[in-house]
Every structure is written in structure tokens, then in C-alpha cells.
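Let's take a walk through this fold together, starting with the overall layout and then stopping at a few places that reward a closer look. Please keep the viewer open as you read.

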Amino acid sequence: MIWSGIVQANLSGLAFFDLDLLKERYGPKLRKGSNLLKRYTTTDEGDSVIREGLVLPILSIKDDDYMVVVRTKDEEWGRPQKSVLKTGIFPLRVQNQLVVTDLSDLNYWSGEGDWLTIPAAPGYYSVTVHGYEVEGEQDLGGCYELVLVPQETIPHLTADPYAEMDIETLATKPNPDPK
């Protein structure tokens, strides 16, 4: 397993990205107080950064604490029993330092967010996101697992980044089908 931890979601989502790649994209325009979240949600730029593998979002989830597991496809872990989500492929690029944070850090860029570092090797990845209910853990909103598969080039986006990804909502649907 590459990494696991508890991440607090605020502003209804999480984001995975490489700090250096965002800084490279925006250069000096990326200043303290920049609102990347607004840019990403009100223009086509949000779709572009997702397709380019610069940001992998988990959107429209309840503000809560979530277990997050990041692993390669060859690594196993003791996953929770009830799977409620399996996405298509998200592209992801890692140049130096992959981080996860909640959307509040994109809403107000400080350059020193509350992000957590994930020790992923540099490269291109196709990523599938899985969502699980975590039974017996009342303090957690669920578990998100990101399965990374190394690629030679940036893969095509096949996931719907705007699809329902909230574990509690998916778990209450009759016969959830995680694809």
C-alpha cells in the first residue's frame, strides 16, 4: 500500500494533485487567495485539469472524515465489506509530490494548505476510485480507495467526475451497483 490516512472533507469534496504541476501550470498567477475551486467549477478549466491529470476530484460528498487508501493494482489490503462505488478511469500525473486535501484549500489557495503527502512515484497513472461503507466506524463517512495503474502516457478520462460519489447516499440506494 502506498498510503492510507484519515482526510477531512470540507466544501463537499476532496482533491488529489501534484503541487509542482499546479505551480508550473499557473506560475506567478497562483497567488495566496487564488480561488481555483471557482475557476474549476464555473469554466471549462475544471474539465481541462481533470483530463490532463492535474487534479483528481471526489465531489459532492458530505463534509466528514474519510479513510483514504492509495495503492497500486498489485497491492492488496483488507478492504471494508460493502462496496458502493467504482468509477471509470481518472488520469493522474505525478511529478514530485502527490497530495490530498479538501476543497477548501482550492477555494482559498495559500500555498501551505492542510494537505497530506502521498508517496507516489513520479509518472502517469490511470486511477479507479472505489467507495466503501465502513461498518462499525460511526466517526467516518466511509472509505475511498484509489487504485493506481502506471501508464506510459496520460490515459483518457472515462470516469464521470460529476457522478454521485457520496458513500452514504450510494449505500442507501436499493441494490447499489458499483459497476
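The paragraphs below go from the whole chain to its strands, then to an aromatic cluster, a threonine and two loop serines.

Please bear in mind that this is a predicted model. Its secondary structure amounts to five helices and nine strands. Read from the N terminus, the elements follow the order β-β-α-α-α-β-β-β-β-α-β-β-β-α. The radius of gyration is 15 Å, close to the 16 Å that the globule rule gives for 179 residues, so the protein is as compact as a globular protein of that length. Along the principal axes, the C-alpha trace spans about 45 × 35 × 25 Å. Of the 179 residues, 49% count as buried. If we take the contacts with a separation of 6 or more, 81% of them come from residues 24 or more positions apart.

Now for the open sheet. Five strands form it, in the order 1-4-9-8-5, and their pairing is mixed. At the edges sit strand 1 (3–8) and strand 5 (83–94), each of which pairs on one side only. From one strand to the next, the twist averages 25°. As a general reminder, strands of a sheet pair through backbone hydrogen bonds, either parallel or antiparallel. Strand 1 and strand 4 (residues 65–72) run antiparallel and are joined by six bridges. To find your place there, look for glutamine 8, which stands opposite aspartate 65 in strand 4.

Strands 2 and 3 make another pairing to visit. These two also run antiparallel, with five bridges between them. One point of reference is phenylalanine 16, whose bridge partner in strand 3 is leucine 56. Is strand 3 enclosed or open to its surroundings? Five of the five residues of strand 3 (residues 55–59) are buried, so this strand is largely enclosed by the rest of the structure. In a regular strand the side chains alternate between the two faces of the sheet. In strand 3 both faces are covered: Val55, Pro57 and Leu59 are buried on one side, and Leu56 and Ile58 are buried on the other.

Next come the aromatic residues. The structure holds five aromatic pairs. In one of them, the ring centres of phenylalanine 17 and tryptophan 109 are 6.1 Å apart and the planes stand at 45°, so the pair is tilted. Phenylalanine 17 belongs to strand 2 (residues 13–18), while tryptophan 109 sits in the loop between helix 4 (104–107) and strand 7 (116–118), so the pair ties together parts that are 92 residues apart in sequence. Phenylalanine 17 and tryptophan 109 are both buried.

What is the geometry of the pair that phenylalanine 17 makes with tryptophan 115? The centres of these two rings lie 6.0 Å apart and their planes are at 85°, so this pair is edge-to-face. Tryptophan 115 is in the loop between helix 4 and strand 7, and phenylalanine 17 is in strand 2, so the pair ties together parts that are 98 residues apart in sequence. Tryptophan 115 is buried, as is phenylalanine 17. Phe17, Trp109 and Trp115 together form one aromatic cluster.

From the cluster, move to threonine 101, which is found in strand 6 (residues 98–102). Why does threonine 101 count as buried? Its relative accessibility is 2%, and the cut-off for buried is under 20%. Leaving aside neighbours within four places in sequence, threonine 101 is in contact with Gly13, Leu14, Ala15, Phe17, Asp114 and Trp115. Two of the cluster residues, Phe17 and Trp115, therefore appear in that list. The side chain of threonine 101 also makes a polar contact with the side chain of aspartate 105, at 2.2 Å.Last, two serines deserve a stop for their backbone. Most residues other than glycine have a negative phi, and most peptide bonds are trans. Serine 12, although not a glycine, has a positive phi of about 65°. Serine 12 lies in the loop between strand 1 and strand 2, and with a relative accessible area of 32% it is partly exposed. Serine 60 is not a glycine either, and has a positive phi of about 55°. Serine 60 lies in the loop between strand 3 and strand 4, and with a relative accessible area of 51% it is exposed.

How values were computed. Residues numbered from 1 in each chain as written. Predicted model: local features only at pLDDT ≥ 70, side-chain atom pairs only at ≥ 80, totals over all residues. Heavy atoms only, no water. Phe/Tyr/Trp six-rings, centres within 6.5 Å; stacked < 30°, edge-to-face > 60°. Helix = DSSP H or I, 4+ residues; strand = E, 2+ residues; numbered from the N terminus. Buried < 20%, exposed > 50% of the residue type's maximum accessible area, 1.4 Å probe, protein only. Pairing = 2+ DSSP bridges. Polar contact = N/O pair within 3.5 Å; in protein donor to acceptor, adjacent residues only side chain to side chain. Contact = heavy atoms within 4.5 Å. Axes fitted to C-alpha atoms, helices over the stretch in contact; angles between N-to-C directions. Rg over C-alpha atoms; globule rule 2.2 N^0.38 Å.
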